[in-house]
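Here's a quick briefing for anyone opening this one up for the first time. Have a look at the sequence and the fold, then work through the notes below.

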Amino acid sequence: GRVAMAWLMSKPAVSTVLVGALELHHLDEAFASLDVELAPDECSWLEEPYVPVPVKTDGLPQVLAQAK
């Protein structure tokens with residue numbers, strides 16, 4: 001949890017990290033992630049296995065049309 005949240009917070013495009021805490025130790029982990037600073041090479045290592053895939057938008061035009 002801590003590393004994942006620290007990685008998210010290292011991304012300029014991420015303005016908020018939503019935490020679903022069911023137990024007190026989940027909040028403890030979330031707060032502890034504020035003290036984790038990842039070096040650029042650590043972020044690169046974490047991102048290495050990621051393979052981008054196209055965003056699926058099937059049905060999105062219909063959903064947007066209904067929202068109007």
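Let's start with charge: the protein carries 4 positive and 10 negative charges, and the mean positions of the two groups sit 15 Å apart. Keep in mind that this is a predicted model, with an average pLDDT of 89 across the protein. Two salt bridges turn up when the whole structure is searched, and they get their own section below.

**How confident is the prediction?**

- Every residue clears the bar here: 100% of them score at least 70 in pLDDT.
- Which elements mark the two ends of the confidence range? Helix 3 (residues 40-47) has the highest mean pLDDT, at 96, while helix 4 (residues 60-67) has the lowest, at 84.

**Overall build**

- You'll find four helices and zero strands in the protein, so reading along the sequence gives the pattern α-α-α-α.
- The radius of gyration is 17 Å, whereas the globule rule gives 11 Å for 68 residues; the value is well over the rule, so the protein is more spread out than a compact globule.
- Along the principal axes, the C-alpha trace spans about 45 × 30 × 20 Å.

**Surface and burial**

- Of the 68 residues in the protein, 9% are buried.
- About 6100 Å² of the protein is exposed, and 62% of that area comes from carbon and sulfur atoms.

**Salt bridge one: Glu 29 and Arg 2**

- Glu 29 pairs up with Arg 2 in a salt bridge, with 3.1 Å between the closest N and O atoms.
- This pair ties together distant parts of the chain: Glu 29 belongs to helix 2 (residues 24-32) and Arg 2 to helix 1 (residues 2-9), with their positions 27 residues apart in sequence.
- Buried or exposed? Glu 29 is partly exposed, because its relative accessible area is 29%, and Arg 2 also counts as partly exposed, at 38%.

**Salt bridge two: Glu 47 and Lys 11**

- The other salt bridge brings the side chains of Glu 47 and Lys 11 together, at 2.5 Å from N to O.
- Here too the partners come from distant parts of the chain, 36 residues apart: Glu 47 lies in helix 3, and Lys 11 lies in the loop between helix 1 and helix 2.
- Glu 47 has 30% relative accessibility, so it counts as partly exposed.
- Lys 11 is partly exposed as well, with a relative accessible area of 23%; the cut-off for buried is under 20%.

**Two residues to click on**

- Ala 30 is in helix 2, and it's one of the buried residues because its relative accessible area is 13%, where buried means under 20%.
- How far apart in space are Ala 30 and Trp 45? Their C-alpha atoms are 22 Å apart, although the two residues are 15 residues apart in sequence.
- For a contrast, try Asp 35, in the loop between helix 2 and helix 3. Asp 35 counts as exposed because its relative accessibility is 70%, and exposed means over 50%.
- Asp 35 and Leu 18 are 17 residues apart along the chain, and their C-alpha atoms are separated by 17 Å.

Conventions:
Residues are numbered from 1 along each chain as its sequence is written. This is a predicted model: local features need pLDDT of at least 70, side-chain atom pairs count only at pLDDT 80 or more; totals for chains, interfaces and linings use all residues. Side-chain values use heavy atoms; hydrogens and water are left out. pLDDT is the predictor's confidence in each residue, from 0 to 100. A salt bridge is a side-chain nitrogen of Lys or Arg within 4 Å of a carboxyl oxygen of Asp or Glu. Buried means under 20% relative accessible area, exposed over 50%, partly exposed in between (1.4 Å probe, protein chains only). The radius of gyration is taken over C-alpha atoms; the globule rule is 2.2 Å times the number of residues to the power 0.38. Accessible areas come from the Shrake-Rupley method with a 1.4 Å probe; for residues, only the protein chains shown count as cover. Lys and Arg count as positive and Asp and Glu as negative; His and the chain ends are not counted. The place of a charge is taken as NZ of Lys, CZ of Arg, CG of Asp or CD of Glu.
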